[in-house]
Amino acid sequence: MSEPYDVIVIGGGPGGYVGAIRAAQLGLKTAIVEKRGTLGGTCLNVGCIPSKAMLQSSHHYEMAETEFADHGVQVSGLKLDLKTMLGRKEKVVDDLTKGIEFLMKKNKIDYHVGTAEITAPGEVSVKPPKKGARKQKLQTSNIIIATGSDVTPLPGVTIDEKQIVSSTGALSLPKVPKTMVVIGAGVIGLELGSVWRRLGAEVTVIEFLDMALPGMDAEVSKNMQRILKKQGMNFKMKTKVTGAKAVRGGVNLTMEPRDGLADGAKAETLKAEVVLVAIGRKPYTDGLGLKKAGVEVDERGFIPVDEDFQTNVEGIYAIGDVIGGAMLAHKAEDEGVVCAEIMAGESGHIDYDSIPGIVYTHPEVAACGKTEEQLKDAGTEYNSGKFPFTANSRARCNADADGFVKILSDKATDKVLGCHIIGPSAGDLIQEVVNVMEFGGSAEDIARICHGHPGLPEAVKEAALAAGGRAIHI
Ligand code: FAD
Ligand code: NAI
């Protein structure tokens, strides 16, 4: 039996590997166990990174096809080379996941490849992927569960990752389908639906609710759906898919109105070459031995934790997607850091109110803090300052002026309560507002800060000015 660890992290995703690095930095003898064979978790292997690589490549293709000519750049013989596009994406993933392996070595973290099971508090058994290989028993003072999440299945729709795919299959389709149905108008549906639409697929998004991107500020959701429609994405709202059957050359879908069929009405059918199921993700704890270890899960399978990320069992902590909340890589990373710090006797906390959420469509959508709906529900009086990118000179130079910045600030104190952006580089622009919110700043603070010209961040400044009723350029 090997020397005991101070901490074993189960799961090598953004929560796990970042938590492991922070624990090692603080002098804890640390190990990480990952069953996938590569580090980086969902995010680097089949999530954030490959999807953003494909979004970038497909955006270039669409720009060359539709917009370069407006800039006086004539392209002839434009051709999609999907194999190269997919290969580039794989290389980005490969390089980044290997980079994490290097970081483990650099921080002297033992990396065990295999499936971890908690056999008792303080004991983890690792089953290597090789058939017949012996399990290894590791001893530790603390365990961090960072096993992430998995695709939520849809009853009646069996994912085969060929014709009926999850996000994982949708990142590697060997050819552009003529038609694609996306079930779920959430983040994955809109991002990956955009990729394949840009590359030539006729994409129809089927959504159960009456709005895309539910949970986002309603004005943003509505406008983004309008923009995506203009780009050629079709939407079928308030609709539920009741079944999907893979047949030769495609998938036959049956669906009906969310609220049920009218008397005598028949279920609608639709055929698509590929169907993407993107109706959310669920916590992943299969084979982890939680029951044996006495770790509780809630009715949806998430692991409840206290403010120190400790589960109901002392010495067993959990972070990231598996504990619920925003299923985002940066949220998981921050939890990994704070959890390690608390374990090492330091203190730390996360301000869940100012975690940015970004949708990498084009234009991008970015949000932090409260939506208008949340403020109204809470009875909070607020100012709303809005500035459209059509009035931002840099966006006009770039011919990329769809969208707006909206800043919500407290009516009495002017403290920034939320920001919602549709627009070019919205994901980068939101960070300024996140920082201001973290420091308890006001819209006036943003408005008084000098912003470089011509720049997209000037739209943030103008929205902050507008919150005080004094935008300059509109
Ligand atoms: P994960 O990244 O899921 O990592 C968990 C790891 O644990 C996995 O590698 C798994 O193999 C391993 N594991 C599980 N059980 C065991 C076990 N018993 N033993 C050993 N190892 C185990 N978020 C963003 O912030 N930005 C984005 O742009 C973004 N894009 C996304 C795109 C897609 C298509 C998807 C699916 C997700 C995206 N996300 C994005 C979400 C993001 O990937 C997750 O929020 C993030 O990966 C969660 O990190 P985690 O460490 O909690 O879990
Ligand atoms: P999601 O929760 O964002 O969206 C799921 C959508 O499916 C919702 O609009 C929901 O109303 C709809 N839906 C649910 N059941 C349905 C049904 N039966 N029929 C039709 N529609 C149905 O989930 P998604 O897109 O699968 O993404 C999972 C997670 O991954 C998200 O929580 C997100 O945080 C993360 N992610 C983050 C990204 C980013 O930060 N850019 C990119 C991709 C994923």
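Let me start at Glu-191, where a polar side-chain atom lies 2.9 Å from a nitrogen atom of ligand 2, and let me say at once that this is a predicted model, so that every value I quote is to be heard as computed from that model. Two further contacts to ligand 2 run through the backbone instead: a polar backbone atom of Ile-188 is 2.9 Å from an oxygen atom of the ligand, and a polar backbone atom of Met-327 is likewise 2.9 Å from an oxygen atom of ligand 2. Taken alone, ligand 2 exposes 850 Å², and the protein buries 78% of that area.

If we step back to the surroundings of ligand 2, there are 22 residues around it, and those that come nearest are Ile-188, Glu-191, Glu-207, Gly-280 and Ile-358. By class, this shell divides into 15 nonpolar, 3 polar and 4 charged residues. Which helix gives the largest share of the shell around ligand 2? That is helix α6, spanning residues 187-198, which contributes 3 residues. The shell also draws on two domains, taking at least three residues from domain 1, which covers 5-150 + 282-350, and at least three from domain 2, which covers 164-279.

Now to ligand 1, where I would again begin with the polar contacts. A polar side-chain atom of Thr-42 lies 2.6 Å from an oxygen atom of ligand 1, while the backbone takes part at Met-327, with a polar atom 3.2 Å from an oxygen atom of the ligand, and at Leu-328, where a backbone N or O atom lies 3.2 Å from an oxygen atom of ligand 1. The protein covers 94% of the 1000 Å² of accessible area that ligand 1 has on its own. You will have noticed Met-327 in both accounts, since its backbone has a polar atom 2.9 Å from an oxygen of ligand 2 and one 3.2 Å from an oxygen of ligand 1.

Around ligand 1 there are 39 residues, and Glu-34, Thr-42, Lys-52, Ala-116 and Ala-329 come nearest. Sorted by class, they are 16 nonpolar, 17 polar and 6 charged. Several elements each supply at least two residues of this shell, including α1 (14-25), β2 (30-34), α3 (48-66), β4 (115-120) and α9 (329-343), but it is α2 that gives the most, with 4 residues.

Finally, the cysteines. How many disulfides does the structure hold? It holds 1, joining Cys-43 to Cys-48 with a distance of 2.2 Å from S to S, and with -130° about the S-S bond this link is left-handed. As for the two partners, Cys-43 is buried, with a relative accessible area of 12%, whereas Cys-48 is partly exposed, with a relative accessible area of 27%. Cys-339, by contrast, is in no disulfide, and the nearest cysteine sulfur, that of Cys-43, is 19 Å away. Is Cys-339 buried or exposed? Cys-339 counts as buried, because its relative accessibility is 0%. Cys-368 is in no disulfide either, and the nearest cysteine sulfur, that of Cys-419, is 5.4 Å away, which is outside the 2.5 Å within which two cysteine sulfur atoms are taken as a disulfide. Cys-368 also counts as buried, because its relative accessibility is 1%.

How values were computed
Residues are numbered from 1 along each chain as its sequence is written. Chains are lettered from A and ligands numbered from 1 in the order in which they are written. This is a predicted model: local features need pLDDT of at least 70, side-chain atom pairs count only at pLDDT 80 or more; totals for chains, interfaces and linings use all residues. Side-chain values use heavy atoms; hydrogens and water are left out. A residue is near a molecule or strand if one of its heavy atoms lies within 4 Å of it. A polar contact is a pair of N or O atoms within 3.5 Å; within protein, one must be able to donate a hydrogen and the other to accept it, and residues adjacent in sequence count only if both atoms are side-chain atoms. Accessible areas come from the Shrake-Rupley method with a 1.4 Å probe; for residues, only the protein chains shown count as cover. Ala, Val, Leu, Ile, Met, Phe, Trp, Tyr, Cys and Pro count as nonpolar, Asp, Glu, Lys and Arg as charged, and the others, Gly among them, as polar. Domain bounds come from an automatic or database domain assignment. Buried means under 20% relative accessible area, exposed over 50%, partly exposed in between (1.4 Å probe, protein chains only).
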